Amino acid sequence: MAATENKPDRVVAVEVPGWIRLYDDGSVDRAWNGPPVAHFLTATVPPYDTPLDGVSVLDLPADPALRLYLPSATNAGDGRPLPLLLHFHGGGFCITHPSWSMYHHFYSRLARSAGAAVVSVVLPLAPEHRLPAAVDAAYRALLYLRSLAAGIAAEHPVAERLRKAADFSRVFLLGDSSGGNLVHEVAARAGAAEEGFWAPVRVVGGILLHPGFGREERSRSEVENRQTPFMSLELLDKFPAMALPIGATKDHPITWPVGEAAPALEGLRLPPLLVAVAEGDLLRDRELEYCEAMRKAGKEVEVVVSRDVGHCFFFYGDLVGLEPVAAGRTGELIEAIKDFVDRH
């Protein structure tokens, strides 16, 4: 995410400190300008074929582009095809990239621990590409998996490796933060397809890690929980304003999928869901409201709550003092995801 060309006559129209500047000429600067101690989180990790800690990281130039985390045979268990976790990254629809070190650190560990192929989607970013652009790209990635499973899109050697390694009858949609919103949207869209449309792919579960659900009205957790450079009220207000369709509010169905403006939940065909919530997250209350609404609509929802930590702690727990118990909670979360995958 390099900075845009330096044009001294530009004026900053909107800024989320540390993360993004939108200028009056429409140009965008995503160069990290936050605390230097956190710079390592945004460092780019290049792909590598030779496994490190039992995982290979490969890039696939599909539409959209994909980053793969493939555990080696030793870490994959008994040699059977791997469950496939199709991952949608967070960042408020406006920032981050799957090649960032914070994603690499967590999802390579998850691939190794869960014995799963993690396929991360490179999403289009707002404000250049406002919603539903990210939803459409995430859905296209699922369509690509269907083609790959059917042997149609395996020309690239990395694609062929994924086709041979993955069990396409056990696909899980996985998203962190705003990527969790995409899990809901893609699952709902996929469930609306005619019977047999997805064969041989089967979406058997959805995993929402601290999904970015919100409303115009402040929740209690937004007011009372501690803000950080990675989750603040300013971020909660400015990212949706840059990402949602012009004129929309946070009550839009993508940011609040259980509200009055959203499709009726009872009519949605959704797989079983695992929703991870952090006790100290500003988004905690809205996430729990989502789970309650889904259960009332008859959907299968499991909730795992991480105590004494904040939003997406599993990415930045290495920052001393920010999340002192993050290491232990991260291990617990990975075990919960692994258990969910093993049971579906």
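1. Helices and strands here are DSSP runs numbered from the N terminus, a helix having at least four residues and a strand at least two. The model is a predicted one. With that numbering, helix 4 (178–191) and strand 10 each supply at least two residues of the lining of the largest pocket. Helix 4 gives the most, with three residues.

2. The largest pocket holds about 470 Å³ of space. Its lining is made up of 19 residues, and those nearest the centre are Ala190, Gly191, Trp198, Arg202 and Val203. By class, the lining of this pocket has 12 nonpolar, three polar and four charged residues.

3. Enclosed space is a separate matter from the pocket. Two cavities of 30 Å³ or more turn up in a search of the whole structure. The largest cavity has about 400 Å³ of space. It is lined by 29 residues, with Gly92, Ser177, Met231, Leu235 and His311 the closest to its centre.

4. Which helices each supply at least two residues of the lining of the largest cavity? They are helix 1 (101–114), helix 6 and helix 8 (313–316). Helix 6 provides the largest share, four residues. The lining of the largest cavity divides into 16 nonpolar, 10 polar and three charged residues.

5. The second largest cavity has a volume of about 40 Å³. Its lining includes His89, Gly90, Gly91, Phe93, Cys94 and Ile95, together with Leu123, Pro124 and Leu125. Ala134 and Ser178 also line this second cavity. There are seven nonpolar and four polar residues in the lining, and no charged ones.

6. Ala134 also belongs to the buried part of helix 2. This helix covers residues 133–149, 17 residues in total, and spans 25 Å from first C-alpha to last, close to the 24 Å expected at 1.5 Å a residue. Besides Ala134, the buried residues of helix 2 are Val135, Ala137, Ala138, Tyr139, Ala141, Leu142, Tyr144, Leu145 and Leu148. Glycine 151, just after helix 2, takes a positive phi of about 80 degrees.

7. Turning to charged pairs, the structure holds 22 salt bridges. In one of them, the side chains of arginine 218 and aspartate 237 meet at 2.7 Å, N to O. Arginine 218 sits in the loop between strand 10 (203–209) and helix 5 (220–224), while aspartate 237 is in helix 6 (residues 233–243), so this salt bridge ties together parts 19 residues apart in sequence. Arginine 218 counts as partly exposed at 33% relative accessibility. Aspartate 237 is also partly exposed, with a relative accessible area of 31%.

8. Helix 6 has an internal salt bridge as well. The side chains of glutamate 234 and lysine 238 meet at 2.6 Å, N to O. Both residues lie in helix 6, four residues apart, about one turn of the helix. An α-helix has 3.6 residues a turn, so residues three or four places apart point the same way. Glutamate 234 is partly exposed, with a relative accessible area of 32%, and lysine 238 is partly exposed at 25%.

9. Is arginine 286, in its salt bridge, buried or exposed? Its side chain meets that of glutamate 289 at 2.8 Å, N to O. The two residues are three apart in helix 7 (residues 284–296), a separation of about one helical turn. Arginine 286 has 5% relative accessibility, and because buried means under 20%, arginine 286 counts as buried. Its partner, glutamate 289, is partly exposed at 33%.

10. Salt bridges can also share residues. Glu160, Arg163 and Lys164 are linked in a network of them.

11. On annotation, an unreviewed UniProt entry places the feature "domain: Alpha/beta hydrolase fold-3" at residues 85–314. In the model, the end C-alpha atoms of residues 85–314 lie 17 Å apart. The span is 37% helix and 17% strand.

Note on methods: Residues numbered from 1 in each chain as written. Predicted model: local features only at pLDDT ≥ 70, side-chain atom pairs only at ≥ 80, totals over all residues. Heavy atoms only, no water. Salt bridge = Lys/Arg side-chain N within 4 Å of Asp/Glu carboxyl O. Buried < 20%, exposed > 50% of the residue type's maximum accessible area, 1.4 Å probe, protein only. UniProt positions renumbered as here; feature names shortened; annotations may be inferred. Expected span 1.5 Å × (residues − 1). 1 Å grid on protein atoms, 1.4 Å probe; cavity = no way out; pocket = protein on both sides within 12 Å on 5 of 7 lines; lining within 4 Å. Points joined across faces, edges and corners; volume = space filled by probe spheres on them. Nonpolar A, V, L, I, M, F, W, Y, C, P; charged D, E, K, R; others polar.
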